[in-house]
Amino acid sequence: MSKALKWIILICITVVIAAAAAFIGLYYTRLKTTGTIKKLTDYEDGYDLYSMDIKYDYSIDDIIGYGIRDDQSMIDAILKESLPLLPVHIKAPDFSCTAFTLTDGDGDVHMGRNYDFRRNTSAMMVRCTPEDGYSSIAFAALDNVGANDVDKSMSKKLAALTAPFICLDGVNEKGVSIAVLTLDSEPVRQSTGKPVIATTLAIRLVLDRAATTEEAVELLRGYDMFSSSGRDYHFYITDASGDGRVVEYDPESDGRELTATPTEAITNFFILHKDKVLPNQKNGIYGHGRERYDAVLEVFEKEKGNYTCDTVWNAIKAAAQEPNPNDITSNTQWSVSFNNTECTADIAIRRHWEDVTHFEIGNN
């Protein structure tokens, strides 16, 4: 063997070793993350609750900085941050729901939330502790990454690494909670020259960076909103002081101006145009679900002056929905009671009211 060939072989071996070391270094904390996945329920239908602690570093700023123009570029940005170098497919998620805020007799602030979607899904509790942000617990629909039985294979566990960026609701250590709800209007696509943020990335931004509802609103004002999956959305945000607001992008304004309206509850209609929304029917661009909003307020009125944790669950149950294949916002997949004062979450999967799992930001 010639000396030149030996050098070529040595260089090739060195490159391979360096590449392998880089890959291992990149995925060490990601594999640690997959090792934290736990199955917490075992329902006959195969759609369960899981938990996962995020051990790898991520940057929400980098994801936004990759440039979001459409659903695919949003997905590509998420995959580039969570699963670099690996060929993984995910789809942009859909969301519906009910959300509300109340303060109980002990002074604790709660946000109740139903995630409603006609297609069944498993849920993942995602615990994040970013070095440059607030710790949080949040919930993602595993059907959106093709991993309903996430514990069955390594490929599905790796797909679940995207979960921090597809969460649909959550609460952080400062007591800020946020949930996304779908609307019937045209998807918002602001274009004012600000950085573009997509729907679920806005949830991660608020959980990581906002200490109050006001801070959350101001954070969102700093971005042009892109509604993913071909649907429109609004956000319900509450903090430890009880400041509950719906962040909406007004369909009657030319530039889809961001508005933040205080309200006790919200479903799948514009609170900004509540007077144009009737119960038990579609109301054009203004949305639907007024009957669920009314059901929550009826519970509040009935128990006024004596709010407890049970009031939260009574309101959640009043607004929960059975499956309806013709209604995208039917079939309550999970119901969660966030305690913004204690920074905890109690969740029931698909109306299993007797089986509630408790989570704290610090530990399970």
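## Helix α6 and its buried face

In this predicted model, the buried residues of helix α6 pack against helix α5 and against the strands β11, β12 and β13. The residues concerned are Thr 213, Ala 216, Val 217 and Leu 220. Because they cover an arc of only 100° around the axis, they fall on the same side of α6. The helix as a whole, spanning residues 213-221, lies across β11, β12 (245-249) and β13, and runs at about 10° to β12.

## The open sheet and helix α5

The sheet is an open one made of 9 strands, with mixed pairing, and its order is β1-β2-β5-β6-β7-β8-β11-β12-β13. Its edges are formed by β1 (38-39) and β13 (258-262), each of which has a single partner strand, so that one side of each is left without a neighbour in the sheet. Helix α5, residues 199-209, packs on this sheet and touches β5 (123-128), β6, β7, β8 and β11 (232-238), with a direction that makes about 5° with that of β7.

Within the sheet, strand β7 (residues 167-172) and strand β8 (residues 177-183) run antiparallel and are joined by 3 bridges. Val 171 has Ser 177 of β8 as its bridge partner.

## The nonpolar core

The largest nonpolar core has 106 residues, and the members that touch the most others are Phe 100, Met 124, Phe 139, Leu 201, Phe 235 and Trp 334. Helix α5 gives the most to this core, with 6 residues.

Which residues does Phe 235 contact, once its neighbours within four places in sequence are left aside? Phe 235 is in contact with Ile 178, Ala 179, Val 180, Thr 199, Ala 202, Ile 203, Met 225, Arg 245, Val 246, Val 247 and Tyr 249.

## Aromatic pairs and a cluster

A search of the whole structure finds 10 aromatic pairs. One of them joins Tyr 56 and Tyr 58 in an edge-to-face arrangement, at 6.4 Å centre to centre and with 70° between the planes. Tyr 56 is buried, since its relative accessible area is 2%, and Tyr 58, at 12% relative accessibility, also counts as buried.

Phe 139 and Phe 338 form a tilted aromatic pair, with 6.3 Å centre to centre and 45° between the planes. This pair links distant parts of the chain, for Phe 139 belongs to strand β6 (residues 136-141) and Phe 338 to strand β17 (residues 332-339), 199 residues apart. Phe 139 counts as buried because its relative accessibility is 0%, and Phe 338 is likewise buried, with a relative accessible area of 0%. Both belong to one aromatic cluster, formed by Tyr 115, Phe 139, Trp 334, Phe 338 and Phe 359.

## A buried asparagine in a loop

Asn 331 lies in the loop between helix α8 (309-319) and strand β17. Is this loop residue buried or exposed? Asn 331 counts as buried, because its relative accessibility of 2% is under the 20% cut-off.

Its surroundings include residues from elsewhere in the sequence: Asn 331 and Asn 120 are 211 residues apart along the chain, yet their C-alpha atoms are 7.9 Å apart in space. Leaving aside neighbours within four places in sequence, Asn 331 is in contact with Tyr 115, Asp 116, Phe 117, Arg 118, Asn 120, Gln 321, Glu 322, Pro 323, Arg 350 and Arg 351. One of these contacts, Tyr 115, is also a member of the aromatic cluster that contains Phe 139 and Phe 338.

Definitions and conventions: Residues are numbered from 1 along each chain as its sequence is written. This is a predicted model: local features need pLDDT of at least 70, side-chain atom pairs count only at pLDDT 80 or more; totals for chains, interfaces and linings use all residues. Side-chain values use heavy atoms; hydrogens and water are left out. Rings of Phe, Tyr and Trp (its six-membered ring) pair if their centres lie within 6.5 Å; planes under 30 degrees apart count as stacked, over 60 as edge-to-face and the rest as tilted. Buried means under 20% relative accessible area, exposed over 50%, partly exposed in between (1.4 Å probe, protein chains only). Helices (H or I, at least four residues) and strands (E, at least two) are DSSP runs, numbered from the N terminus. Two strands pair if DSSP finds at least two bridges between them. Contact means heavy atoms within 4.5 Å. Axes are lines fitted to C-alpha atoms, for helices over the stretch in contact, and angles run from 0 to 180 degrees between N-to-C directions. The arc is that of the directions from the helix axis to the C-beta atoms. A nonpolar core is a set of buried Ala, Val, Leu, Ile, Met, Phe, Trp, Tyr and Cys residues joined through side-chain atoms within 4.5 Å.
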